[in-house]
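Here is a set of short exercises to work through with the model open beside you. Try each task yourself before you read its solution.

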Amino acid sequence: MTEGLPARDGNRRRVVVLGGSGLLGARAADAIAARGHEVVRVSRSTGVDAVTGTGLAEAFAGADTVVDCLNITTTRRRPAVDFFTTSATHVADAARAAGVGHVVCLSIVNVTEPGLRSALGYYAGKAAQDDVYRGRLLDGPARVGFTSLRSTQWFDFAEQLLRQLRLGPLAVVPAMRVQPVSADAVAEAIADAVDAGPEGAARTIDVAGPEVLDTGTMARRLAERRGTPAVATVPIPSRTLRTGGLLPPPGARIDPRTFDDWLAEQRS
Ligand SMILES: NC(=O)c1ccc[n+]([C@@H]2O[C@H](COP(=O)([O-])OP(=O)(O)OC[C@H]3O[C@@H](n4cnc5c(N)ncnc54)[C@H](OP(=O)(O)O)[C@@H]3O)[C@@H](O)[C@H]2O)c1
C-alpha cells in the first residue's frame with residue numbers, strides 16, 4: 001500500500017522503506033510521507049524478505065529511492081554478518097536492476113572504523129553491510145547513488161540497556177560513552193537525505209544528539225522514572241567502546257533535543 005501527499009517542491013519521489021514496520025523505519029516512513037513523497041513500507045509482514053530476496057523486484061518497480069532500515073536482534077558476529085551481507089547484496093542488486101537512483105542505508109557512526117568493526121559482532125555486521133552497498137552500487141556504469149546515514153545511539157537505547165542483561169533484580173549495563181540522539185531527529189535526517197537525492201556517487205551523513213552521556217546514567221535515569229529495576233554497570237572489554245569510539249566524528253549534524261526531553265515523554 002502506498003501513501004503520501006503531493007510533494008512540497010513538486011519533486012515527488014516513490015520511496016520504498018525496507019523495515020518500514022520497525023522502530024526507526026516506521027518513523028522514517030512517516031517523515032518521508034510528510035514531505036509529500038509516495039511511500040511504500042515493506043518487511044516480511046508485507047511479503048518482502050530481504051534475506052531471501054523474495055518480493056524485492058516487485059517492491060522496487062518504479063521506485064526512485066530505497067531506504068534500508070532493516071535490523072536483526074543479535075550480538076553474535078556470524079548471524080549479524082550473514083544477515084546484513086545477504087540483505088544488502090539482494091537489495092543492491094534489485095535496486096540496480098529496477099533502475100533505482102538512490103539507496104539510503106541507516107547505519108551507526110564510525111562503524112567502518114577498524115576499532116568499531118572488531119568491537120562487537122553486531123558492528124561487524126553493520127560494517128559489512130556498508131562495504132556491500134559501496135561495492136555493489138558504485139561499481140560500473142549503471143551506478144546507484146548511495147547515502148550512509150549514520151546515527152549515534154537513540155535515546156530508546158536506554159530501554160534496550162535495561163532489558164539486555166538481568167541478574168535477579170539488577171539490570172547489568174556495559175559502561176560506554178555515547179552522544180545519544182532522538183529517533184525522530186534521525187527520521188528527519190533520513191527524509192532530508194531522500195529530498196536532497198544522491199550527491200556524487202556516495203556520501204556519509206552523521207547525526208548525533210547534543211550531549212555526551214554514559215550508558216549507566218541513561219539506564220539509571222530511565223529506571224528511576226519507571227521505579228524499577230536497579231542498575232549496575234560493568235566495564236566493557238572493548239577499549240574503543242570505553243574511550244569514545246561511539247562519539248560522532250567532526251562535522252556531524254547535532255540535533256538539540258535532549259535525553260531529558262525524551263525521558264519526560266516516557267511513562268512513569
Ligand atoms: N538502536 C540504535 O540506537 C541505532 C543507532 C544507529 C543505527 N541503528 C540502525 O537502525 C536500523 C533499524 O533499527 P530498528 O531498531 O529500527 O529496527 P527494528 O525495530 O528491529 O525493525 C527491523 C525491521 O526490519 C524488518 N525485517 C527484519 N528482517 C527482515 C527481512 N529478512 N526482510 C525484510 N524485512 C525484515 C522488520 O520487520 P519484519 O519482522 O516484519 O520483517 C522490521 O520492520 C538497524 O540497522 C540499526 O543498526 C540503530
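**Exercise 1. Taking stock of the fold**

Task: Find how many helices and strands there are in the protein, and work out whether its radius of gyration agrees with that of a compact globule.

Solution: Start by counting. This predicted model has 10 helices and 13 strands. Next, look at the overall dimensions: along the principal axes, the C-alpha atoms fill a box of roughly 50 × 35 × 35 Å. Now bring in the chain length. A compact globule of 268 residues would have a radius of gyration near 18 Å, and the protein has 19 Å, so the two agree. Finally, check the inside: 45% of the 268 residues are buried. Of the contacts between residues at least 6 apart in sequence, 81% join residues at least 24 apart.

**Exercise 2. Checking helix spans**

Task: Use the rise of 1.5 Å a residue to test the span of helix H5 (residues 121–137), then do the same for H3 and H7.

Solution: Take H5 to begin with. Its 17 residues should span 24 Å, and the end C-alpha atoms are 24 Å apart, which agrees. Move on to helix H3 (residues 77–98): its 22 residues should span 32 Å, and the end C-alpha atoms are 31 Å apart, again in agreement. For H7, with 14 residues, the first and last C-alpha atoms are 20 Å apart, close to the 20 Å expected.

Now see what follows two of these helices. After H3 comes Gly-99, with a positive phi near 75°. After H7 comes Gly-197, whose phi is also positive, near 75°.

**Exercise 3. Covered helices**

Task: Decide how far H5 and H7 are covered, and find what the buried residues of H3 pack against.

Solution: In H5, 13 of the 17 residues are buried, so the helix is mostly covered. In H7, 10 of the 14 residues are buried, so this helix is largely enclosed by the rest of the structure. Among the buried residues of H7 are Ala-187, Glu-188 and Ile-190.

For H3, begin with the buried residues, which include Phe-83, Phe-84, Ser-87, His-90 and Val-91. Then look for their partners: the buried residues of H3 pack against strand E2 (14–18), H2, strand E4 (65–68), E5 and H5. One general point helps when you read such a list: an α-helix has 3.6 residues a turn, so residues three or four places apart point the same way.

**Exercise 4. Into the core**

Task: Find which helix gives the most to the largest nonpolar core, and which residues Ile-190 touches.

Solution: The largest nonpolar core has 82 residues, and those with the most contacts inside it are Val-17, Ala-28, Val-103 and Ile-190. Helix H7 (residues 183–196) gives the most to this core, with nine residues. Now zoom in on Ile-190. Leaving out residues up to four places away in sequence, Ile-190 touches Ala-28, Ala-31, Val-67, Val-104, Leu-106 and Leu-149.

**Exercise 5. Around the ligand**

Task: Describe which residues are closest to the ligand and how the shell around the ligand divides into nonpolar, polar and charged residues.

Solution: Count the shell to start: 25 residues surround the ligand, and the closest are Gly-19, Gly-22, Ser-43, Arg-44 and Asn-71. Then sort the shell by type, which gives 12 nonpolar, 10 polar and three charged residues. Last, trace where they come from: helix H1 (23–34) and strand E5 (102–108) each supply at least two residues of the shell.

**Exercise 6. Residues in loops**

Task: Sort Asn-110, Ser-45 and Arg-143 into buried, partly exposed or exposed, then find the cis peptide bond that joins Thr-228 to its partner.

Solution: Use these cut-offs: 20 or more C-beta neighbours within 10 Å means buried, and 12 or fewer means exposed.

- Asn-110, in the loop between E5 and helix H4 (114–117), has 23 such neighbours, so it is buried. Its phi is positive, near 65°, although the residue is not glycine.
- Ser-45, in the loop between strand E3 (38–42) and helix H2 (56–60), has 9, so it is exposed.
- Arg-143, in the loop between H5 and strand E6 (145–151), has 14 and is therefore partly exposed.

To finish, the cis peptide bond joins Thr-228 and Pro-229, with omega about -15°. Pro-229 lies in the loop between helix H8 (215–226) and strand E12 (230–235).

Note on methods
Residues numbered from 1 in each chain as written. Predicted model: local features only at pLDDT ≥ 70, side-chain atom pairs only at ≥ 80, totals over all residues. Near = placed C-beta within 6 Å. Helix = DSSP H or I, 4+ residues; strand = E, 2+ residues; numbered from the N terminus. Nonpolar A, V, L, I, M, F, W, Y, C, P; charged D, E, K, R; others polar. Core = buried A, V, L, I, M, F, W, Y, C linked by C-beta atoms within 7 Å. Contact = placed C-beta atoms within 7 Å. Rg over C-alpha atoms; globule rule 2.2 N^0.38 Å. Expected span 1.5 Å × (residues − 1).
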